[in-house]
Amino acid sequence: MSEARAERLAALVAEEGLDALIVGDLVNPGDSGPDAIANVRWLTGFAGTSGLAIVGPERREFLTDFRYAELAERRVGDAFERVIFDGPVFEELGRRLRGRVGFDPAATSVRNHRKLAAAVGDDVELVAAEGLVERLRRVKDADEVDAIAAASRLADEALEWLLERGIAGKTERRIAFELETRMRELGAQPSFPTIVASGPNGALPHAIPTDREVGPNELVTIDWGAKLDGYCSDGTRTFATGELDEELRSAYELVLRAQLAGVDAVAAGAHGREVDALSRGIIEEAGMGERFGHGLGHGVGLQVHEPPRLSKRSEDTLEPGNVVTVEPGVYVPGRFGIRIEDLVVVTAGEPKNLSGLPKELRVVS
């Protein structure tokens, strides 16, 4: 797998007129978090905190330090020449680079760019080349789609387990803890901090769980995801804890209509702005447009937020293999919030929904 991906990247590097591309985190090299190492993981399979790759038409090199020598042998294999270095990483890079070398400015600090520029020879031209790996990552292969689907199934199973045990009377913080614990028991970890927002807290799209107890006859939004074998899921459901007044029921049905329309619009060739506008227009026609202030969705893969985007400012066109969320919402300050989110695969035909839980308004105890 890493060899095929390296070949695709090498071809793109050549198209950009580069002799090589540095892949990896040049902000905190040697201490990279999961998001910062995502490009390296996609390319090589390596998931440690210290890893850089150099890829070009004739080059496949992977650099790490002593801590990860054995892991690199296991995960990277023979598709790359493995280099175990002992010393400053920029000095090691400087010794190995020649010609026009691309770096991703989004993954490079100003300070470390200066270090790299000082380390290379006069025969090296450093060229900003943003997003080349991401351009390839946005189209998932079959194995990646299967991995995301498995993470989504696990997340759904964990939430069903939680709901069977009830949420009314528990604090938001307790609900989030129980859900995240269950995902870990099933062999995954949360792909992001779980959002549990009840009653008026639901009006905060990215609410942090509090010690507020979930009360009767109100809405509770749960936004959660699992990370399994490196790949993420992301989903949201909003539940009722009893009888709701007409305002809340109508708002829920409105968001559901917008969400279903958004899912149906996820198709190869559709523009991210168009999909967003179709779903958003339903909410705007109901006079609630100002209550839906975020984008409709985003890509999901090794990171929980990655291209392509579905929003008013999107510049993306969907293509088969993209995996995106569709998550419209309505948020009324001081009253309630509603969001419904599915994880959807773009195909050559009908969209494939990876979210298995029902979306009709569900009353839970």
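Trainee: Through how many residues does a hairpin join strand 13 to strand 14?

Mentor: This is a predicted model. Strand 13 covers residues 297-299 and strand 14 covers residues 306-310, and the two pair in the antiparallel sense over three bridges. Within this pair, glycine 299 stands opposite glutamate 306. The hairpin that joins the two strands runs through six residues.

Trainee: Which strands are the edge strands of the open sheet formed by six strands?

Mentor: The order in this sheet is 4-3-2-1-5-6, with mixed pairing. An edge strand here pairs on one side only. That description fits strand 4 (81-84) and strand 6 (124-128).

Trainee: In which sense does strand 1 pair with strand 2, and in which with strand 5?

Mentor: Isoleucine 22 of strand 1 stands opposite isoleucine 54 in strand 2, and four bridges join these strands in the antiparallel sense. Alanine 20 stands opposite valine 101 in strand 5. Strand 1 and strand 5 have two bridges, and their sense is parallel.

Trainee: Why is strand 1 described as largely enclosed by the rest of the structure?

Mentor: Ala20, Ile22 and Gly24 point one way from strand 1, while Leu21 and Val23 point the other way. Buried means under 20% relative accessible area. Strand 1 is largely enclosed because the number of its five residues that are buried is five.

Trainee: At about what angle does helix 1 run to strand 2?

Mentor: Helix 1 spans residues 2-15 and lies across strand 1, strand 2 and strand 3. Its angle to strand 2 (52-56) is about 60°.

Note on methods:
Residues numbered from 1 in each chain as written. Predicted model: local features only at pLDDT ≥ 70, side-chain atom pairs only at ≥ 80, totals over all residues. Heavy atoms only, no water. Pairing = 2+ DSSP bridges. Contact = heavy atoms within 4.5 Å. Axes fitted to C-alpha atoms, helices over the stretch in contact; angles between N-to-C directions. Buried < 20%, exposed > 50% of the residue type's maximum accessible area, 1.4 Å probe, protein only.
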